[in-house]
Structure formats: C-alpha cells, structure tokens
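Subject: Structure handover

Hello,

Here is the structure I said I would pass on. My notes on it follow below.

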Amino acid sequence: MISAETAREELQSVVKDLEGLQGRLVEMRRALPPPPPTLEDDYGDPDASTEMTRVIECVLQDCVGPAIRDLLAAVEYRPGVEAEP
C-alpha cells in the first residue's frame, strides 16, 4: 500500500506524461496536410491524413484533455478544503 502523498506524486508524474503525449498529438495534427477540398455530396472515405486528423482531434478532446483535468483534480483534492472557483 502507498500513502496518499506518494499516490499524489505518482499522479503528477502521470499527468506530465499525458501532457507530453497531448503535445505530441497536437504537433502531429499540425504537421498533417490539410484535408483536400471536397464537394458537399462527397460521401467517399476520407484520405488517411484527414482520418488521422479527425481521430487525433477526438482523442484530444474526448480522452486526453478530460483525463488530464480529472487527474489534476485528484492530485489537488484535499478533504475538508473547499476548491477554488
């Protein structure tokens, strides 16, 4: 078993790792070529760059960002101490 303080330190390390991953994904998204112009009625499969961009954006917004936020909240949690707005 580990103490709450040790767990807090370990979570901080995990958050730093996730922030690094977030930065790598943002850079990768920026480096991908922009999607080609398409017609509004084009229902074909997107090219690989467009699909990777879409997936990276979803992962950043739906997974990585919330994970960082939630883990930071756990790191900062102190029982009986009211959180700042």
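Asp70 is partly exposed, since its relative accessibility is 43%. The side chain of Asp70 forms a salt bridge with that of Arg69, at 3.2 Å from N to O. Arg69 has 52% relative accessibility and counts as exposed; the cut-off for that word is over 50%. Please keep in mind that this is a predicted model, and that the values here are computed from it.

Salt bridges

The whole structure has three salt bridges, and the pair Asp70 and Arg69 is one of them. Another joins Glu27 and Arg30, whose closest N and O atoms are 2.9 Å apart. Both of these residues belong to helix α1, where three residues, about one turn of the helix, separate them. Glu27 is partly exposed at a relative accessible area of 45%, while Arg30 is exposed at 58%.

There is also a salt bridge between the side chains of Arg8 and Glu5, with an N to O distance of 3.1 Å. Arg8 and Glu5 are likewise placed in helix α1, three residues apart, about one turn of the helix. Glu5 has 41% relative accessibility and is therefore partly exposed.

Arg8

Is Arg8 buried or exposed? With a relative accessible area of 14%, Arg8 is buried, because the limit for buried is under 20%. Leaving out residues up to four places away in sequence, Arg8 touches Val75, Tyr77 and Arg78. Arg8 thus has two sets of partners to look at in the viewer: Glu5 through the salt bridge, and Val75, Tyr77 and Arg78 through contacts.

Helix α1

Helix α1 covers residues 4–31. It has 28 residues, and the distance from its first C-alpha to its last is 40 Å, close to the 40 Å expected at 1.5 Å a residue. Which residues of α1 are buried? They are Arg8, Val15, Leu18, Leu25 and Val26. Helix α2, residues 48–76, is part of what covers them.

Val15 gives an example of how this looks at one position: apart from neighbours within four places in sequence, Val15 is in contact with Ile68, Leu71 and Leu72.

Val14 is also in helix α1, but Val14 is partly exposed, with a relative accessible area of 31%. That value falls between the limits of 20% and 50%, so the residue is neither buried nor exposed in the sense used here. Between the C-alpha atoms of Val14 and Ile68 there are 8.8 Å, although the two residues are 54 residues apart along the chain.

Nonpolar core

What makes up the largest nonpolar core? It has nine residues in all: Val15, Leu18, Leu25, Val26, Leu32, Ile56, Leu60, Val64 and Ile68. The elements giving two or more residues to this core are α1 and α2. Val15, Leu18, Leu25 and Val26 appear both in this core and among the buried residues of α1. Ile68 belongs to the core too, and Ile68 is one of the contacts of Val15.

If you want a place to begin, select Val15 and look at its contacts with Ile68, Leu71 and Leu72. After that, Arg8 can be viewed with its salt-bridge partner Glu5.

Regards

How values were computed: Residues are numbered from 1 along each chain as its sequence is written. This is a predicted model: local features need pLDDT of at least 70, side-chain atom pairs count only at pLDDT 80 or more; totals for chains, interfaces and linings use all residues. Side-chain values use heavy atoms; hydrogens and water are left out. Helices (H or I, at least four residues) and strands (E, at least two) are DSSP runs, numbered from the N terminus. Buried means under 20% relative accessible area, exposed over 50%, partly exposed in between (1.4 Å probe, protein chains only). A salt bridge is a side-chain nitrogen of Lys or Arg within 4 Å of a carboxyl oxygen of Asp or Glu. The expected span of a helix is 1.5 Å times one less than its number of residues. Contact means heavy atoms within 4.5 Å. A nonpolar core is a set of buried Ala, Val, Leu, Ile, Met, Phe, Trp, Tyr and Cys residues joined through side-chain atoms within 4.5 Å.
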